[in-house]
Amino acid sequence: MTRMFLLVTLILTVILSGCQSEGEENGEETAVTTTSAQANITPTSKPTIAPTDTLAPTVIATPVPETVTNWWDDTVFYEVFVRSYYDSDGDGVGDINGLIERLDYLNDGDPATTDDLGVTGIWLMPIMESPSYHGYDVVDYYQVDEEYGTEEDFKRLMAEAEKRGIKVIVDLVLNHTSAQHPWFTDAEAGEDAVARDWYVWEDENPGWAGPNGQVVWHESPTGYYYGVFWDQMPDLNLTNEATTDEMHTIARYWLEEMGVDGFRLDAIKYLVAEGDMQVGTQSTHAWMKEFYDVYKETNPEAFAVGEVWSPTFEAVKYVGDEVDATFEFDLAEAILSGVLSKKADPIARAQRKVVETYPPGQYGIFLTNHDQNRVMTRLLEDENRAKLAATLLLTSPGVPFVYYGEEIGQVGAKPDEDIRRPLQWDSSENAGFSIGQPWREPYEDFEERNIAVQMDDPDSLLSHYRDLIRLRNEHEALRTGDWTQVETNESHTYAFLRHHGDEFILVLVNLGVNPVEEYELMLDEGIFDGIASDSLQAVSLYGQENPAGPTINESGGFIGYRPFTSLPPQSNVIIQLSID
Ligand code: CA
């Protein structure tokens with residue numbers, strides 16, 4: 001990445017934005033509230049995008065099946081921080097070639113082998129040119145960060161991933177750029193700067209604070225600019241049509257030229273502030289609807305999952321015609337706190353709400369991500385708790401995301417760099433991550449806790465993740481089946497049924513540290529209506545063997561069902577109930 005290239009990019013950008021603003025002077029300044037249909041009528045110097053009606057089901061010429069399944073419904077994602085995954089060249093920084101070299105760990109593409117993790121999707125945290133170690137402040141959206149590799153490396157990664165049946169989505173930061181982005185350095189020059197309106201400026205400090213009370217108006221020699229996260233991350237002005245067009249072009253570029261399967265969209269609830277209303281505004285939703293049309297028109301199979309770090313009822317508002325899915329932060333928190341407190345009820349409540357709220361399965365489920373203390377640390381380094389949490393993650397409806405290192409129980413508490421440390425491959429120097437000095441030291445427990453140690457141990461956390469991911473991959477009921485809570489009379493016991501077609505899968509966990517004997521399972525919904533008890537075959541898919549089957553009552557449910565006489569402490573069992 002040379003300065004010359006940056007300069008050329010800036011000049012091109014300036015020329016483009018010049019063209020755009022010419023058109024805009026005659027138009028209404030309502031880009032952000034126009035619907036996508038209106039936006040298509042608005043004159044623009046860019047090639048017009050395909051008409052939106054190609055997406056409407058009513059005009060699709062070829063008949064589509066009644067239940068349209070999406071590839072992401074069948075996918076288990078793995079969140080990769082490239083800097084910390086594997087370093088191929090010894091400079092201490094993980095890179096794309098390192099990820100390719102160690103791709104077989106995630107999925108070797110051979111269904112006959114069982115020593116790979118079996119994930120079928122990767123979310124790459126930001127890989128675009130950025131001055132920071134994390135990459136969430138981009139300086140060039142069209143460039144792979146030099147420390148990570150080249151465009152060719154990236155394309156090779158895409159090809160290698162495809163060979164193994166792995167889809168790849170990339171982090172896309174629409175809300176803000178780096179303060180070092182040429183757009184911002186131009187904008188900062190003064191009111192007459194061509195890119196001035198690409199950011200949000202005020203002459204006087206408006207004075208109001210951000211949603212968390214943080215400073216959002218930052219002083220510069222030419223005025224105050226808005227940046228909801230940090231003064232080095234100025235928010236883009238997405239009410240400016242030229243800026244919006246550019247973000248659309250960037251999305252098309254990654255889908256068409258770089259071949260990605262979709263995006264993880266960062267911080268979308270902040271996209272368009274309306275004065276001091278900064279979260280989830282109407283303008284933000286309108287902007288996202290237009291963005292949705294753009295990425296779906298570019299590739300109808302493209303998947304976007306949005307980061308809306310808000311309660312379920314807020315997160316769901318983006319799903320359907322703005323993004324395909326949002327991350328379920330409430331459920332993640334409920335799983336962790338339920339596992340920690342050994343209480344089933346908070347988990348069941350959150351899960352019920354999620355199932356009732358979203359379109360079936362259209363939400364990302366996870367335990368923690370790169371912004372949160374690691375699962376193992378949250379669960380007080382209790383490996384049995386980590387297994388329980390993993391069971392709940394990988395048997396629940398939704399699209400699961402595993403944060404790298406979670407599968408071996410890597411620990412880590414903030415600051416952020418410490419929850420994003422190098423992956424612990426083996427007990428050799430630098431945890432086998434790099435032959436050079438790592439950008440950040442691996443955690444001190446790497447000699448005992450690493451992939452190599454856990455790889456061949458059937459009782460390891462890694463084996464638990466592998467087994468459960470494989471079960472999910474094999475059983476449609478676990479991926480896309482209905483979810484029904486099974487009531488229990490015992491507070492440490494949590495049970496639910498997943499159901500698809502003729503397959504019923506019962507997931508039963510004992511969150512407590514004591515054996516449970518006084519328990520009964522009850523199902524008062526007629527899921528088994530018309531099915532005779534003696535035609536139901538109970539087989540253990542995971543955990544304790546030889547379960548008893550339920551006695552189906554007249555209403556198609558069961559009362560007093562006890563698959564085992566005793567549930568061991570912190571145990572997980574997955575029982576398949578199939579019809580003979
Ligand atoms: Ca490297």
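How are α8 and α9 oriented to each other, roughly parallel or roughly antiparallel? The first legend answers this for the predicted model.

**View 1. Helices α8 and α9 pack against each other.**
Helix α8 covers residues 241-257, and helix α9 covers residues 282-298. The angle between them is about 30°, and their axes lie 10 Å apart. Angles under 35 degrees count as roughly parallel, so α8 and α9 are roughly parallel to each other. Their crossing is right-handed. From α8, the contact is made by Thr244, Met247, His248, Ala251, Arg252, Leu255 and Glu256. Helix α9 contributes Trp287, Glu290, Phe291, Val294, Tyr295 and Thr298.

**View 2. Helices α11 and α12 pack at an angle of about 165°.**
Residues 329-341 form α11, and residues 345-357 form α12. The two axes are 8 Å apart. The angle makes α11 roughly antiparallel to α12. This crossing is left-handed. On the α11 side, Leu331, Ala334, Ile335, Gly338 and Val339 make the contact. On the α12 side, the residues are Pro346, Ile347, Ala350, Gln351 and Val354.

**View 3. Five residues coordinate the calcium ion: Asp87, Asp89, Asp91, Val93 and Asp95.**
The four aspartates each bind through OD, and Val93 binds through O. Coordination distances run from 2.2 to 2.4 Å. Along the chain, the donors follow the spacing D-x1-D-x1-D-x1-V-x1-D. Two of these residues show different accessibility. Asp91 is partly exposed, at 42% relative accessibility. Val93 is buried, with a relative accessible area of 6%.

**View 4. Trp254 sits in the largest nonpolar core.**
This core has 140 residues. Those with the most contacts inside it are Tyr78, Leu124, Phe154 and Trp254. Leaving aside residues up to four places away in sequence, Trp254 touches Ile127, Met128, Tyr141, Val144, Phe154, Val170, Gly259, Val260 and Phe263. A second, separate core has 22 residues, including Leu497, Tyr519, Ile552 and Phe558.

**View 5. Leu423 is buried in the loop between β13 and α15.**
The loop runs between β13 (399-403) and α15 (451-455). Leu423 has a relative accessible area of 0%. Its C-alpha atom is 5.8 Å from that of Gly405, 18 residues away along the chain. Beyond residues up to four places away in sequence, Leu423 touches Tyr78, Ser84, Tyr85, Tyr404, Gly405, Glu407, Ile408, Gln410, Ala431, Phe433 and Ile451. Tyr78 is also among the residues with the most contacts inside the largest nonpolar core.

**View 6. Backbone features of the loop between β13 and α15 include a cis peptide bond.**
Lys414 and Pro415 are joined by this cis bond, with omega about 15°. Pro415 lies in the loop. Asn430, also in this loop, has a positive phi of about 55° although it is not a glycine. At 11% relative accessibility, Asn430 counts as buried. Ala431 lies in the loop too. Its phi is positive, about 60°, although Ala431 is not a glycine. Ala431 is buried, with a relative accessible area of 0%. Leu423 touches Ala431.

**View 7. The whole protein has 17 helices and 20 strands.**
Buried residues make up 57% of its 580 residues. Among contacts with a separation of 6 or more, 68% join residues 24 or more positions apart.

Methods: Residues are numbered from 1 along each chain as its sequence is written. This is a predicted model: local features need pLDDT of at least 70, side-chain atom pairs count only at pLDDT 80 or more; totals for chains, interfaces and linings use all residues. Side-chain values use heavy atoms; hydrogens and water are left out. A nonpolar core is a set of buried Ala, Val, Leu, Ile, Met, Phe, Trp, Tyr and Cys residues joined through side-chain atoms within 4.5 Å. Buried means under 20% relative accessible area, exposed over 50%, partly exposed in between (1.4 Å probe, protein chains only). Contact means heavy atoms within 4.5 Å. Donors are N, O and S atoms within 2.8 Å of the metal (3.2 Å for Na, K and Ca); water is not among the atoms, so sites may look incomplete. Axes are lines fitted to C-alpha atoms, for helices over the stretch in contact, and angles run from 0 to 180 degrees between N-to-C directions. Helices (H or I, at least four residues) and strands (E, at least two) are DSSP runs, numbered from the N terminus. Angles under 35 degrees count as roughly parallel, over 145 as roughly antiparallel, 65 to 115 as roughly perpendicular and the rest as oblique. A crossing is left-handed if the near helix is turned anticlockwise from the far one by less than a right angle, and right-handed if clockwise.
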